[in-house]
Protein chains: 2
Amino acid sequence: MVKPFNQIKPNSEDMTLSQTLTQLKSNLTQIIYKMENENTEQKILNAANEVFQEKGLYGARMQEIADKAGINKALLHYYYRSKEKLFETVFRAAVTLMAPKIRNIISSEEHLFDKIRRFTDEYISFLSNHAFLPAFVINELNKNPKLIQDVFLLEIGDSFQKLRDDVQILANKGEIKPVEVEHVLVNMISMSLFPIIAKPLLKTMFDKSEVDYQQFLNERKKLVADLIIESIKVN
Amino acid sequence: MVKPFNQIKPNSEDMTLSQTLTQLKSNLTQIIYKMENENTEQKILNAANEVFQEKGLYGARMQEIADKAGINKALLHYYYRSKEKLFETVFRAAVTLMAPKIRNIISSEEHLFDKIRRFTDEYISFLSNHAFLPAFVINELNKNPKLIQDVFLLEIGDSFQKLRDDVQILANKGEIKPVEVEHVLVNMISMSLFPIIAKPLLKTMFDKSEVDYQQFLNERKKLVADLIIESIKVN
DNA sequence: ACTTTTGTTGACCATTTGGTTAAATATTAT
DNA sequence: ATAATATTTAACCAAATGGTCAACAAAAGT
């Protein structure tokens, strides 16, 4: 067990300075070791993440992951018993990274219109920097639908009931039309996510450079929100 | 060379009835053989299509394809030299199945609004029955972006220049706002395609049965078109 | 100091995979 | 009928792959 620094008392009578220094050194060594250790596991996860997202479950090679993590393949199996186990860990992490954002925005107490603006803004920003994520998640979910049950229901859950309430209330107040939440939500997610998933396709189709495409995505933040809001607003 | 039936003259003087029958039988045998032959290749393509769409390039196993086609693995390699070759054939076929619809609608001479309505209607209908297609295409395009150059540019090409013209003209006439074609197109494709790609996810999320989800997709045909049109129309 | 636990490695293994080959069978052309 | 050609198969192969093992190294607990 690593002894925290603040528990070391260099002036206590039963310790010489030399002893104190020895202790300190040991302490540091342990901490560094722990850090490198965590590094190993983290490096595995990072490497696995890259490879899985690039190649998918089947295409990924354990050797490639090990190489990318700078470790031995046996050590990979020491940390994660099997490829499937490692994959599931990475996949869950990916979903866990994406889901809370939806959940938080959806279930907050802001005005619905602000939620919509925040969603398109934050979600497009976030996923632009994790471009492989949504394609990865959706693709694997297509191939392995049973993963959804426990992974996604757990993350999203019934949090979007709040959204349903929002719509109900605003509709009663006459601020918005009595729309179906499912369609509004799907419209919003579609227009935000799809251009990221289909990026290589659309980039080619529109003959845009990487920078131009990022700019294109940026424009969409406001554009999509406005489109959605305008389509449900009354007046 | 198979001799068509209508070229067989059973009463011609140089043929006995027996000869005629023998000829006929041979004829039939050949035709049946040809049909079975085409069947073999077609069965391979069908099997490969299923397996590739389900498992992707890496996940697919040649043995599984052979089994599903009811033939030997060596025969598979006899028809298609390698896995990559077979995959490319299947992939091209998939794209070729999807792309012309976009192209035809986009480059037709109808009014823009009708194009939009036709697109959402026909595209959602079509892809509902080929649910794996878009996910397959987009996913493989993500993993193997170089395929786009020759496959997709060839199919879509610059056909959506027509759309740009449409928008220009209607904008000049004051019928629609001066919008950016790219965004309109992406909005339309997003809202049509995404719910099909993310079907397993959304189905779970909204707790819908298969039938309910199909109904949900059906509703979107009109809904999406109206949304798009309403967002660009002036008045 | 010494024992136990944890981390790391290289060599190894069984299985799977894409692909080949040589021989058999069927079809077509002469 | 026969030679040539196309189709089909079983057996085989080399390479790759996920996974294991025994042994070594480092830390932690005592």
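**Legends to close-up views of the contact between chain A and chain B**

**View 1. Area of the contact in the predicted model.** Between chain B and chain A about 4300 Å² is buried, and carbon and sulfur atoms give 74% of this area. Buried area is the accessible area (1.4 Å probe) that two parts lose on being put together, summed over both. B:His183, B:Phe194 and B:Met205 supply 15% of the area that chain B buries against chain A, more than any other three residues. This is a predicted model, in which local features need pLDDT of at least 70 and side-chain atom pairs count only at pLDDT 80 or more, while totals for chains, interfaces and linings use all residues. Residues are numbered from 1 along each chain as its sequence is written, chains are lettered from A and ligands numbered from 1 in the order in which they are written, and side-chain values use heavy atoms, with hydrogens and water left out.

**View 2. Residues and helices at the contact.** Chain B and chain A contribute 44 residues each to the contact (heavy atoms within 4.5 Å). Across the interface the rule finds zero salt bridges (a side-chain nitrogen of Lys or Arg within 4 Å of a carboxyl oxygen of Asp or Glu). On the side of chain B that touches chain A, helices supplying at least two residues include H6 (132-143), H7 (146-156) and H10 (199-206). Helices are DSSP runs (H or I, at least four residues), numbered from the N terminus. The largest share of this side, 12 residues, comes from H9(B).

**View 3. Relation between the two copies.** Chain B is superposed on chain A by a rotation of 180 degrees with 0.0 Å of shift along its axis, at an RMSD of 0.1 Å. The two copies are thus related as by a two-fold rotation axis. The superposition is by least squares on the C-alpha atoms of residues with pLDDT of at least 70 in both copies. Of the residues of chain B, B:Ser190 comes closest to the rotation axis, at 2.7 Å (C-alpha).

**View 4. Confidence along chain A.** The mean pLDDT (the predictor's confidence in each residue, from 0 to 100) of chain A is 84. Among the elements of chain A, helix H1 (residues 17-59) has the lowest mean pLDDT, 71, and helix H11 (residues 210-232) the highest, 97. Over residues 1-14 of chain A the pLDDT is below 50. Where pLDDT is low, the predicted coordinates should not be read in detail.
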